[in-house]
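This report looks at how the strands pair and what packs between them. Please keep the structure in view while reading.

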Amino acid sequence: MTATVTLEKKLWDTGIVTEPKNVRGERKCSLTAVGRNGERETVNSWSVPGEGHGLPDARSEKAGQPLYVRGGAALQPNGIDHFQVMTFDGEPLVEVDA
């Protein structure tokens, strides 16, 4: 799995769009922002169907389509060190630098 995370400065702190790619299902995932001070905030979460999402070798049109998940964090963009995508069971899937 890979992920692209896009940040947008907002008046209330940071808007975040996540595009998970090459996600094989079935699972529930969450994105956590990790601040430079070690603070952790859940940004968003999503479910992946059994057929997956954003797969380059998808067997169905739906599984090949991109997935965009929006969320936000009460951290300034320059205060975020990195992001972690994990399953709800605590399995780490990918880490993305801010």
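## Strand pairing and the core

In this predicted model, β3 and β4 run antiparallel and share eight bridges. One such pairing sets Ala33 against Glu41 in β4. The two strands make a hairpin with four residues between them. Its turn holds Gly38, which has a positive phi of about 90°.

β3 also pairs with β6, again in the antiparallel sense. Here Leu31 has Val85 as its bridge partner. β6 pairs in turn with β7, also antiparallel, and Gln84 is matched with Glu95 in β7. β6 and β7 form a hairpin too, with four residues between them. Gly90 in that turn has a positive phi of about 90°.

| Strand pair | Sense | Bridges |
|---|---|---|
| β3 and β4 | antiparallel | eight bridges |
| β3 and β6 | antiparallel | seven bridges |
| β6 and β7 | antiparallel | five bridges |

How many residues of β6 are buried? Six of its eight residues are, so β6 is largely enclosed by the rest of the structure.

The largest nonpolar core has 19 residues. Those with the most contacts inside it are Ile16, Leu31, Ala33, Val43, Trp46, Phe83 and Val85. β1 (2–10), β3 (27–35), β4 (40–48), β5 (69–73), β6 (80–87) and β7 (92–97) each give at least two residues to this core.

Leu31 shows how these elements meet. Setting aside neighbours within four places in sequence, Leu31 is in contact with residues including Val5, Ile16, Val43, Trp46, Phe83 and Val85. Polar residues also touch Leu31, among them Thr18, Asn44 and Gln84.

Key. Residues numbered from 1 in each chain as written. Predicted model: local features only at pLDDT ≥ 70, side-chain atom pairs only at ≥ 80, totals over all residues. Heavy atoms only, no water. Core = buried A, V, L, I, M, F, W, Y, C linked by side-chain atoms within 4.5 Å. Buried < 20%, exposed > 50% of the residue type's maximum accessible area, 1.4 Å probe, protein only. Contact = heavy atoms within 4.5 Å. Pairing = 2+ DSSP bridges.
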